[in-house]
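Visitor: I would like a close look at one part of this model, the place where the ligand sits. Please then carry on from there into the surrounding protein.

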Amino acid sequence: MSFKDAYIGLGSNLSDPQAQVTQALQELNSIPDTKLVKASSLYISEPMGPSDQPDYINAVAKISTCLSAEDLLKELQSIENRHRRQRNGQRWGPRTLDLDIILFGDEQIDSKKLQIPHYGVSEREFVLIPLQELQADLIIPGKGSVADLIDNLPEYRLQKLDHNNG
Ligand code: ROI
């Protein structure tokens, strides 16, 4: 069995987002042939997309898995479904739980179902900052180092959730 490191982005802005994300982190650990290696802090972030929705809680998890990217995606979708993820049809609208494969080893995948690295990673502070927290020298295949991508962000406003404000 060959294990690969993968990074999963977690986001929620409905139905107690902090609990959704905290619970989902534990659920990553119960995916077959998969272990949670490390989780970033939780962050509060302003919505990207329509602004008439609540702030998000975001985090990134590093996992180690023997699954293929496609099988991992299926497992993540079944966790999302258990969280009663509802889509209201609004593009970039609010959600109870979103799980995205950000990186899968050093693979670059561009299929109908999967784009890895995740297509939005370079612009998304709520992915880049937690990624940097997990591994400061991380390189994103085809896109560059996380540190450079963060330098290139326009001003960002991401707040770490800690015991004082959470
Ligand atoms: N905005 C933030 N801040 N965090 C998210 O996880 C997130 N997820 C999304 C969209 C709607 C694009 N906006 C987001 O899918």
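Guide: What follows begins with the ligand and moves on to the cores, two strands and a few backbone details. The model is a predicted one, in which local features need pLDDT of at least 70 and side-chain atom pairs count only at pLDDT 80 or more, whereas totals for chains, interfaces and linings use all residues. Residues are numbered from 1 along each chain as its sequence is written, and side-chain values use heavy atoms, with hydrogens and water left out.

The ligand is surrounded by G11, S45, E46, P47, M48, Y56, N58, W92, R95, D98, R124 and F126, where a residue is near a molecule if one of its heavy atoms lies within 4 Å of it. By class, this shell holds 5 nonpolar, 3 polar and 4 charged residues; here Ala, Val, Leu, Ile, Met, Phe, Trp, Tyr, Cys and Pro count as nonpolar, Asp, Glu, Lys and Arg as charged, and the others, Gly among them, as polar. An N or O atom in the side chain of S45 is 2.7 Å from a nitrogen atom of the ligand, and a polar backbone atom of E46 is likewise 2.7 Å from a ligand nitrogen. On D98, a polar side-chain atom lies 3.4 Å from an oxygen atom of the ligand; a polar contact is a pair of N or O atoms within 3.5 Å, and within protein one must be able to donate a hydrogen and the other to accept it, while residues adjacent in sequence count only if both atoms are side-chain atoms. Taken alone, the ligand exposes 350 Å², and the protein buries 96% of that, with accessible areas from the Shrake-Rupley method and a 1.4 Å probe, only the protein chains shown counting as cover for residues.

Turning to the interior, the largest nonpolar core has 28 residues, of which L10, L28, L72, L76, L99 and I101 touch the most other members. Such a core is a set of buried Ala, Val, Leu, Ile, Met, Phe, Trp, Tyr and Cys residues joined through side-chain atoms within 4.5 Å, and buried means under 20% relative accessible area, exposed over 50%, and partly exposed in between (1.4 Å probe, protein chains only). At least two residues of this core come from each of β1 (4-12), α1 (17-28), β4 (56-65), α2 (69-82) and β5 (98-104); helices (H or I, at least four residues) and strands (E, at least two) are DSSP runs, numbered from the N terminus. The largest share, 5 residues, is supplied by α2. Apart from this core lies another, of 19 residues, among them Y43, L103, F126 and L158.

In strand β2 (residues 34-39), T34 is buried, with a relative accessible area of 7%, and its side chain reaches the backbone oxygen of P32 at 2.9 Å. Leaving aside neighbours within four places in sequence, T34 is in contact (heavy atoms within 4.5 Å) with L28, N29, I63, S64, T65 and L67. D100, in strand β5, counts as partly exposed at 22% relative accessibility, and, not counting residues up to four places away in sequence, touches Y7, I8, G9 and H118.

As for the backbone, a cis peptide bond with omega of about -5° joins I116 and P117, and P117 is found in the loop between β7 (115-116) and α3 (125-134). D16, in the loop between β1 and α1, has a positive phi near 60°.
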